[in-house]
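Hi everyone, thanks for making time this morning. I'd like to walk you through one model and point out a few places to look at while you have it on screen.

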Amino acid sequence: MGRMEFLKMKTDGVNEELLESDLNELATAARKLAKHAVSLGGVGIGTSILKWLATIAAIYLLILDRTNWRTNMLTSLLVPYIFFSLPAVVFSFLRGQVGRWIAFIAVILRLFFPRHFPDWLEMPGSLILILVVAPSFFASTLRDGIVGIIICLIIGAYLLQEHIRASGGFRNSFTQSHGISNTLGIIVLLVYPLWRLVLRMETLHRCR
């Protein structure tokens, strides 16, 4: 029994070391890519593409979790992630009259017709409600600043760590049901804020 516990602790330690090594390599690659992008130009286009990919991946994972991908992870963290990473065009559109009508209808259905309000709509409905009622301090100041980037980075790192741990390792995360799409989606959630953070640090370094 003691030997089994020792082997389990040793395996967990190896997995954590491998995960830390992968994250360090990812950060190094992102830093080099940022330097090349800054020197070659076209940083804005790359950032916009990553932002759209991260938003699509977060929405995909949120819908998947509400339908047929059940997990013990705090996938509700995808709601604030989408809030902070949503492209400005979509954010402004949903924050206007369209979003208000969607939020109004969702609240009415949830209050007076709960049987006609499926469970998988709770998270998207909460997201729309947050988009509509969020104060400008969150919608503008934090969303466009370093705080929003750090929040997205923490959420992405947490979800990737929990997903790898639940799968029994990084390689195993690609072999399970929906493994490739889920793992790649969560990696994108981490790459986007990491990319923006590296770019910001590179910009500050150049300004000195």
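Let's begin with helix α5, which gives the most to a nonpolar patch, with 3 residues. Before I go on, please keep in mind that this is a predicted model.

So which residues make up that patch? They are Val 107, Leu 111, Phe 112, Phe 113, Leu 129 and Val 133, and together they have about 590 Å² of accessible area on the surface. Two elements give two or more residues to the patch: α5, running over 97-112, and α6, running over 122-133. If you want one residue to click on, try Phe 112, which is found in helix α5. Phe 112 is exposed, with a relative accessible area of 57%.

Staying with these two helices, let's turn to charges. How many salt bridges does a search of the whole structure find? The search finds 1. The partners are Arg 110 and Glu 122, whose side chains meet at 3.7 Å, N to O. Why does this pair tie parts of the chain together? Arg 110 lies in helix α5 and Glu 122 in helix α6, so the salt bridge links parts that are 12 residues apart in sequence. Arg 110 counts as partly exposed, at 41% relative accessibility. Glu 122 also counts as partly exposed, at 30%.

Now for the aromatic rings. A search of the whole structure finds 4 aromatic pairs, and I'll show you two of them. A general reminder for reading the numbers: a pair of aromatic rings is described by the distance of the centres and the angle of the planes.

One pair is again in α5. Trp 101 and Phe 104 are edge-to-face, with 6.1 Å centre to centre and 85° between the planes. They are 3 residues apart in helix α5, so about one helical turn separates them. Is Trp 101 buried or exposed? Trp 101 counts as exposed, because its relative accessibility is 53% and the cut-off for exposed is over 50%. Phe 104 comes out as partly exposed, at 48%.

The other pair is Phe 83 with Phe 84, also edge-to-face, at 5.1 Å centre to centre and 90° between the planes. Here both Phe 83 and Phe 84 are buried. These two rings join Phe 91 in one aromatic cluster. Have a look at Phe 91 too: Arg 143 lies over the face of that ring, at 3.9 Å from the ring centre.

Let's zoom out to the helix around that buried pair. Helix α3 covers residues 78-85, and 7 of its 8 residues are buried, so the helix is largely enclosed by the rest of the structure. Which ones are they? The buried residues in α3 are Leu 78, Val 79, Tyr 81, Ile 82, Phe 83, Phe 84 and Ser 85.

My last stop is Arg 196, which has its place in helix α9, residues 179-207. Would you call Arg 196 buried or exposed? Arg 196 counts as buried, because its relative accessibility is 18% and buried means under 20%. What is Arg 196 in contact with, leaving aside its neighbours within four places in sequence? The list is Thr 47, Lys 51, Asp 144 and Ile 149.

That's my tour, and I'm happy to go back to any of these spots on the screen.

Technical notes: Residues numbered from 1 in each chain as written. Predicted model: local features only at pLDDT ≥ 70, side-chain atom pairs only at ≥ 80, totals over all residues. Heavy atoms only, no water. Patch = residues over 30% accessible without salt bridge, like charges linked within 9 Å, V, L, I, M, F, W, Y side chains within 5 Å. Areas by Shrake-Rupley, 256 points an atom, 1.4 Å probe, with all protein chains shown as cover. Salt bridge = Lys/Arg side-chain N within 4 Å of Asp/Glu carboxyl O. Helix = DSSP H or I, 4+ residues; strand = E, 2+ residues; numbered from the N terminus. Buried < 20%, exposed > 50% of the residue type's maximum accessible area, 1.4 Å probe, protein only. Contact = heavy atoms within 4.5 Å. Phe/Tyr/Trp six-rings, centres within 6.5 Å; stacked < 30°, edge-to-face > 60°. Lys NZ or Arg CZ within 6 Å of the ring centre and 35° of its normal.
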